[in-house]
Structure formats: C-alpha cells, structure tokens
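Colleague: I would be grateful for a close look at a single residue of this model, followed by an account of the chain around it. Please set out the reasoning behind any statement on burial.

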Amino acid sequence: MTTNNEMKHTVLLSLEYLTTLVEEKIYLLRAIDCDTYEDGTYDLNDQIVTFTNAVQELKAVINRSMAIVPMED
C-alpha cells in the first residue's frame with residue numbers, strides 16, 4: 001500500500017520533471033529571442049529573466065519539500 005509520504009514524493013518528482021521541461025522551453029525561447037535576423041530581437045529579455053528566476057524558485061521549493069517529507073524504508 002502506498003503511503004501519503006510516498007505519494008508526496010511521487011508528486012514532487014513529477015513537479016521536478018515538469019520544471020525541467022519548463023526550463024528547456026525557456027532556453028529555447030531565449031535562443032529564439034536572441035535571433036538578430038528577425039524583428040523583435042531581445043524584446044522578451046525581461047520576461048525570460050523573470051521566467052528563469054521563477055523556475056529557480058520552484059526548483060528550490062521542490063528540493064526543500066523533498067527534504068521535509070520523510071521517505072519510509
């Protein structure tokens with residue numbers, strides 16, 4: 001039987017994975033925004049910085065959460 005703590009860890013691992021996917025999309029968005037051959041170069045710079053900071057905060061809270069929830073042996 002799965003315990004609540006095991007389910008919490010499963011959800012946290014899922015959030016960690018999703019955060020990685022978001023981080024990859026931000027990296028792609030940054031590359032597109034830096035394309036100097038098109039109009040609108042660097043017009044999302046501030047938003048990309050905000051996205052990056054938000055992802056870092058999410059990663060930190062996920063790590064703290066995983067440290068708080070005990071894993072049963």
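Modeller: A residue is called buried when its relative accessible area is under 20%, taken with a 1.4 Å probe and protein chains only. The residue chosen here is H9, and the model in which it is examined is a predicted one. H9 has a relative accessibility of 8% and therefore counts as buried. Its place is in helix α1, which covers residues 4–33. Once the neighbours within four places in sequence are set aside, H9 is in contact with M66, V69, P70 and M71.

The wider chain gives the setting for this residue. Of its 73 residues, 14% count as buried, and H9 belongs to that buried set. The protein chain has two helices and zero strands. Its radius of gyration is 17 Å, whereas the globule rule gives 11 Å for 73 residues; the value is well over the rule, so the chain is more spread out than a compact globule. The C-alpha trace spans about 55 × 20 × 15 Å along its principal axes.

Contacts across the sequence can be described in a similar way. Where the contacting residues are at least 6 apart in sequence, 64% of the contacts join residues at least 24 apart.

As for the surface, the accessible area of the protein chain comes to about 5,800 Å², and carbon and sulfur atoms account for 61% of it. The side chains include 5 positive and 13 negative ones, and the centres of these two sets lie 7 Å apart.

Definitions and conventions:
Residues are numbered from 1 along each chain as its sequence is written. This is a predicted model: local features need pLDDT of at least 70, side-chain atom pairs count only at pLDDT 80 or more; totals for chains, interfaces and linings use all residues. Side-chain values use heavy atoms; hydrogens and water are left out. Helices (H or I, at least four residues) and strands (E, at least two) are DSSP runs, numbered from the N terminus. Buried means under 20% relative accessible area, exposed over 50%, partly exposed in between (1.4 Å probe, protein chains only). Contact means heavy atoms within 4.5 Å. The radius of gyration is taken over C-alpha atoms; the globule rule is 2.2 Å times the number of residues to the power 0.38. Accessible areas come from the Shrake-Rupley method with a 1.4 Å probe; for residues, only the protein chains shown count as cover. Lys and Arg count as positive and Asp and Glu as negative; His and the chain ends are not counted. The place of a charge is taken as NZ of Lys, CZ of Arg, CG of Asp or CD of Glu.
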